[in-house]
Amino acid sequence: MTNADQPQTLEPVHAGDDEGEARQWSRRFVLFLRAMAALSLAKGLYHWAIVCGIGAPFPSGFDSYASPYQAATVFFAVIDPVAGVGLWLAAPWGAVVWLTSLISMAAVEILFPQIYGGNMWVVAIETVLLGVYLWLALMAAREQPA
């Protein structure tokens, strides 16, 4: 029997030890994006619940709220689920929409405190999330091959 007649077997491919560590920031960045996707979906569903009258802060119904409150709630009810889906799918536009939502929520809390009450802890959390996003993106970009 010749070598051509014998069945060929492939050797298993193993990632090198240094290769696993080389992509650690990319993995952390993706995990962060997935967590933010779940959070965005939850926020969007919360805002949709308010629009539909489920768990609304006031029992009088969504139509009786002030127009700025209605506009902001509908805006976040639409943009947050879109951002969550974009982040989960790792679409190029997902992070852009999520950042728009993040910065918009902080801007609403700072510039229009009458809408949601001007909760500065929301602004602090949004600022921390923005900082973590930028730091992880930078670290993940640094480990990419040139």
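Begin with the whole protein chain in view: among its contacts between residues at least 6 apart in sequence, 61% join residues at least 24 apart. The model on the screen is a predicted one.

Keep the protein chain selected and colour it by secondary structure. Six helices and zero strands appear, and reading along the sequence gives the pattern α-α-α-α-α-α. Next, display the surface. The protein chain exposes about 9500 Å², and carbon and sulfur atoms supply 68% of that area. How much of the chain is buried? Of the 146 residues in the protein chain, buried residues make up 36%.

**First stop: helix 2 and helix 3**

Select residues 24–52, which form helix 2, together with residues 67–88, which form helix 3. Two packed helices are described by the angle between their axes and by the distance between those axes. Here the axes come within 7 Å and cross at roughly 150 degrees. Helix 2 is therefore roughly antiparallel to helix 3, since angles over 145 degrees count as roughly antiparallel. Turn the view until one helix lies in front of the other; helix 2 passes helix 3 in a left-handed crossing. Now show the side chains where the two helices meet. Which kinds of residue make up the contact of helix 2 with helix 3? The residues there divide into 17 nonpolar, five polar and three charged.

**Second stop: Val74**

Select Val74, whose place is in helix 3. Is Val74 buried, partly exposed or exposed? Its relative accessible area is 35%, so Val74 is partly exposed; the class lies between the limits of 20% and 50%. Add Val51 and Phe62 to the selection: Val74 touches both, when residues up to four places away in sequence are not counted. Then mark the C-alpha atoms of Val74 and Trp48. These residues are 26 apart along the chain, and their C-alpha atoms are separated by 7.4 Å.

**Third stop: Phe29**

Move to Phe29, which is found in helix 2. Phe29 has a relative accessible area of 15% and is therefore buried, the cut-off for this class being under 20%. Which residues should be displayed around Phe29? Leaving aside neighbours within four places in sequence, Phe29 is in contact with Tyr133, Leu136, Ala137 and Ala140. Finally, mark the C-alpha atoms of Phe29 and Leu134. Although the two residues are 105 apart along the chain, a distance of 9.7 Å separates these atoms.

Definitions and conventions: Residues numbered from 1 in each chain as written. Predicted model: local features only at pLDDT ≥ 70, side-chain atom pairs only at ≥ 80, totals over all residues. Heavy atoms only, no water. Axes fitted to C-alpha atoms, helices over the stretch in contact; angles between N-to-C directions. Helix = DSSP H or I, 4+ residues; strand = E, 2+ residues; numbered from the N terminus. Parallel < 35°, antiparallel > 145°, perpendicular 65-115°, else oblique. Left-handed = near helix turned anticlockwise from the far one by under 90°. Nonpolar A, V, L, I, M, F, W, Y, C, P; charged D, E, K, R; others polar. Buried < 20%, exposed > 50% of the residue type's maximum accessible area, 1.4 Å probe, protein only. Contact = heavy atoms within 4.5 Å. Areas by Shrake-Rupley, 256 points an atom, 1.4 Å probe, with all protein chains shown as cover.
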